[in-house]
Amino acid sequence: MIDSNKLENLKKTIKEANQDVAERKVIVEVDVKDLRPHPDNFYSMQNIDELAEQIKVDGQLYPIEVSKDSGYIISGHRRYEALKLLNKDMELKALVHYIKFDTLDAENLHLIRANAYRTKTKEERQQEVSKLKDYYEKLKLTSDEYRNINISKLISEELGVSQRTIKRDVSEIKEPKNKKTKETKSTEILNLESHLRETLQTDVKLSGNANGNISIKYYSLDDLQRILDVLNIKID
């Protein structure tokens with residue numbers, strides 16, 4: 001005989017799984033002008049004219065993925081640019097799939113993973129390596145679980161390229177000649193920086209430990225007003 005508590009837990013698990021699947025499949029129509037490209041997107045925007053012609057004939061075959069948290073596009077920047085081009089002569093809605101992320105780091109990681117199978121230039125791959133290296137180095141500083149991780153091995157598995165290639169990319173990534181030596185931030189500053197990014201839903205950088213500067217990025221006057229509202233700053 002099946003334990004009633006186990007049966008109820010199983011029903012709950014199945015219900016939650018079905019709700020999760022349903023949420024992932026929800027696709028809505030959104031005005032193209034309301035979409036925002038991700039500020040950290042570094043992938044090239046090639047063959048937009050050809051993609052626009054394809055969408056004009058066949059329609060938008062794949063939805064644009066947008067973060068529920070930040071509102072930025074995570075996957076589909078080329079589709080977004082193609083739709084903008086088409087909307088100069090016609091009115092089209094964008095098909096959008098919204099995704100919920102637990103943290104800003106998870107959102108930025110998905111930006112890379114969503115482009116895993118595209119053909120990339122060496123520069124784009126090195127950008128991926130640089131961002132993943134920063135991500136895993138932060139984990140090493142902030143999580144005991146990742147204290148002894150092999151960063152090059154993890155990046156190699158993430159991108160599907162050899163560790164030798166990863167190490168070569170790391171060695172070839174040059175810092176600007178006039179850039180100062182990168183400051184090591186304390187765990188407290190890293191955690192505060194991450195908390196501010198998630199709260200303000202934009203890029204926030206803190207420099208210094210005992211004293212320093214704070215940089216908050218905004219992408220339009222409306223975005224600036226949104227940030228001011230979150231901070232409860234009133235300007236007369």
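**Close-up 1. Helix 2 and helix 3 cross at roughly 70°.** In this predicted model, the axes of the two helices come within 8 Å. Angles from 65 to 115 degrees count as roughly perpendicular, and helix 2 is therefore roughly perpendicular to helix 3. If you would like to pick out the side chains, start on helix 2 with Ile-48, Asp-49, Leu-51, Ala-52, Ile-55 and Lys-56. Across from these, helix 3 brings Arg-78, Arg-79, Glu-81, Ala-82, Leu-83, Leu-85 and Leu-86 to the contact. Sorted by class, the contact holds eight nonpolar and five charged residues, with no polar ones.

**Close-up 2. The second largest pocket has a volume of about 510 Å³.** Here we stay with helix 2 and helix 3, since each of them supplies at least two residues of the pocket lining. Helix 2 spans residues 48-58 and helix 3 spans 77-86. The lining counts 25 residues in total. To find the middle of the pocket, look for Leu-51, Gly-76, Arg-78, Arg-79 and Arg-118, which lie nearest its centre. Among these, Leu-51, Arg-78 and Arg-79 also belong to the contact of helix 2 with helix 3. By class, the lining divides into 12 polar, eight nonpolar and five charged residues.

**Close-up 3. Helix 5 packs against helix 6 at an angle of about 130°.** Helix 5 covers residues 122-142, and its axis lies 10 Å from that of helix 6. That angle makes helix 5 oblique to helix 6, and the crossing is right-handed. On the helix 5 side, the contact is made by Glu-128, Val-129, Leu-132, Lys-133, Tyr-136, Glu-137 and Lys-140. Helix 6 answers with Ile-151, Leu-154, Ile-155, Glu-158 and Leu-159. Seven of the contact residues are nonpolar and five are charged, while no polar residue takes part.

**Close-up 4. Helix 6 and helix 7 cross at roughly 110°.** Now follow helix 6 (residues 151-159) to helix 7 (residues 163-172), where the two axes come within 9 Å. The two helices are therefore roughly perpendicular to each other, and helix 6 passes helix 7 in a right-handed crossing. Ser-152, Lys-153, Ile-155, Ser-156 and Leu-159 of helix 6 make the contact with Gln-163, Ile-166 and Lys-167 of helix 7. Three of these residues are nonpolar, three are polar and two are charged. Two names may look familiar from the previous view: Ile-155 and Leu-159 of helix 6 are also in the contact with helix 5.

Key: Residues numbered from 1 in each chain as written. Predicted model: local features only at pLDDT ≥ 70, side-chain atom pairs only at ≥ 80, totals over all residues. Heavy atoms only, no water. Axes fitted to C-alpha atoms, helices over the stretch in contact; angles between N-to-C directions. Helix = DSSP H or I, 4+ residues; strand = E, 2+ residues; numbered from the N terminus. Parallel < 35°, antiparallel > 145°, perpendicular 65-115°, else oblique. Left-handed = near helix turned anticlockwise from the far one by under 90°. Contact = heavy atoms within 4.5 Å. Nonpolar A, V, L, I, M, F, W, Y, C, P; charged D, E, K, R; others polar. 1 Å grid on protein atoms, 1.4 Å probe; cavity = no way out; pocket = protein on both sides within 12 Å on 5 of 7 lines; lining within 4 Å. Points joined across faces, edges and corners; volume = space filled by probe spheres on them.
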